[in-house]
Amino acid sequence: MVGPQRPQFVLFGSSIVQLSYSNSGWGAHLSDIYSRKADIILRGYNGWNSRRGLKVVDQVFPKDAAVQPDLVIVYFGGNDSMAPHPSGLSPHVPLVEYIENMRKIALHLKSLSEKTHIIFLTCPPVNEEQFGISFGTELVRSNEDCQRYSNACLELCRDIGVKVVDLCSAIKRRDNWEKLCFIDGVHFSAEGSFIVVEEILKVLKEAEWEPSMYWKSLPTEFADLVADDRIHTINVDEWTLYRKHWH
């Protein structure tokens with residue numbers, strides 16, 4: 001491991017996480033925003049549901065690890081919410097089981113250390129027509145089911161005290177979201193990822209965590225003062241002119 005050690009943020013989930021560095025993705029934006037402040041670690045698994053995530057959560061996040069993450073952002077739900085397939089091979093997970101899987105994932109992450117914070121991302125909506133064209137009619141994902149799984153995740157997070165981003169509502173607030181937010185009906189376009197980042201930063205800014213995980217609150221590694229003129233100094237390491245969108 002290279003040093004010095006920075007805070008570790010782990011993104012854990014299905015393809016929404018695995019592909020988060022593609023198409024100006026939300027994971028790539030977080031890595032840029034937190035450059036010289038925190039290390040963003042990707043643990044995304046295409047096609048997975050909460051059942052698969054629960055099976056490996058103790059391997060991805062071992063309790064005896066020398067260093068525990070400061071923040072874990074978790075996304076499962078989209079695949080869980082898909083309709084069952086006659087073959088039995090669908091990633092569908094019944095809602096009751098989904099809730100219990102997510103509860104167990106949260107409890108495991110909470111047990112890692114006192115410093116480990118958690119944010120869940122709810123199931124986002126989909127462009128049903130585009131999804132059908134991209135993945136075929138045998139795989140069915142509906143906005144009605146996405147909303148049910150999103151609502152269940154929100155309720156769970158309220159019950160167990162976990163921060164949550166309501167992606168279902170956030171995406172739907174964008175005008176013409178069906179056409180603008182996805183590349184294939186389900187995975188995020190640059191516009192969709194922009195919304196995800198905005199919502200995550202909002203949670204981090206408002207969270208009453210000590211120390212704060214908000215990017216402007218974290219120190220910049222190896223920050224140096226540089227002379228601006230003969231009297232004043234500036235810290236070029238804190239320049240954020242190219243991050244005009246992030247607050």
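Here are some short exercises with worked solutions on the predicted model shown above.

**Exercise 1. Getting an overview**

Work out how many helices and strands the chain has, and what share of its residues is buried.

*Solution.* Start with the secondary structure: there are nine helices and seven strands. Next, turn to burial: of the 247 residues in the chain, 47% are buried. Then look at the contacts with a separation of 6 or more: 73% of them join residues 24 or more positions apart. Finish with the surface, where carbon and sulfur atoms hold 52% of an accessible area of about 12,500 Å².

**Exercise 2. Tracing the open sheet**

Find the strand order of the open sheet of five strands, and say which strands stand at its edges.

*Solution.* Step one is the order, which reads β2-β1-β3-β4-β5, with parallel pairing. Step two is the edges: β2 (39–44) and β5 (163–165) each have a single partner strand, so one side of each lacks a neighbour in the sheet. Step three is the twist: on average, neighbouring strands are turned by 20° against each other, direction ignored. Now zoom in on one edge. β4 and β5 pair in the parallel sense over three bridges, and isoleucine 119 stands opposite lysine 163 in β5. Last come the helices on the sheet. Helix α2 touches β1, β2, β3 and β4, and its direction makes about 175° with that of β1. Helix α4 (residues 95–110) lies across β1, β3 and β4 and runs at about 160° to β4.

**Exercise 3. Taking apart the cores**

Determine which residues of the largest nonpolar core touch the most other members, and which element gives the largest share.

*Solution.* A general point helps first: in soluble globular proteins, nonpolar side chains tend to be buried together. Here, the largest core has 36 residues, and Trp26, Tyr34 and Leu204 touch the most other members. Elements that give two or more residues to this core include β1 (8–13), α2 (26–33), β3 (71–75) and α9 (190–206). The largest share, seven residues, comes from α9. Now follow leucine 204 outwards: beyond four places in sequence, its contacts are Tyr34, Leu71, Ile119, Trp209, Ser212, Met213 and Tyr214. A second, separate core has 30 residues, among them Phe12, Phe120, Phe131 and Cys146.

**Exercise 4. Classifying ring pairs**

Decide whether the pair of phenylalanine 12 and phenylalanine 61 is stacked or edge-to-face, then do likewise for tyrosine 45 and tryptophan 48.

*Solution.* The structure holds nine aromatic pairs. For phenylalanine 12 and phenylalanine 61, the centres are 5.3 Å apart and the planes make 85°. Angles over 60 degrees count as edge-to-face, and this pair is indeed edge-to-face. Phenylalanine 12 lies in β1 and phenylalanine 61 in the loop between α3 (50–60) and β3, so the pair ties together parts 49 residues apart in sequence. Both phenylalanines are buried. For tyrosine 45 and tryptophan 48, the centres are 4.4 Å apart and the planes at 20°, so this pair is stacked. Tyrosine 45 is partly exposed because its relative accessibility is 23%, while tryptophan 48, at 13%, is buried. To finish, ring pairs link Phe12, Tyr45, Trp48, Phe61 and Phe76 into a cluster.

**Exercise 5. Placing one serine**

Establish where serine 150 lies and whether it is buried or exposed.

*Solution.* First locate serine 150: it belongs to helix α6 (residues 143–160). Then check its relative accessible area, which is 0%, so serine 150 is buried. Finally, list its contacts beyond four places in sequence: Thr122, Cys123, Asp166 and Cys168.

Conventions: Residues are numbered from 1 along each chain as its sequence is written. This is a predicted model: local features need pLDDT of at least 70, side-chain atom pairs count only at pLDDT 80 or more; totals for chains, interfaces and linings use all residues. Side-chain values use heavy atoms; hydrogens and water are left out. Helices (H or I, at least four residues) and strands (E, at least two) are DSSP runs, numbered from the N terminus. Buried means under 20% relative accessible area, exposed over 50%, partly exposed in between (1.4 Å probe, protein chains only). Contact means heavy atoms within 4.5 Å. Accessible areas come from the Shrake-Rupley method with a 1.4 Å probe; for residues, only the protein chains shown count as cover. A nonpolar core is a set of buried Ala, Val, Leu, Ile, Met, Phe, Trp, Tyr and Cys residues joined through side-chain atoms within 4.5 Å. Two strands pair if DSSP finds at least two bridges between them. Axes are lines fitted to C-alpha atoms, for helices over the stretch in contact, and angles run from 0 to 180 degrees between N-to-C directions. Rings of Phe, Tyr and Trp (its six-membered ring) pair if their centres lie within 6.5 Å; planes under 30 degrees apart count as stacked, over 60 as edge-to-face and the rest as tilted.
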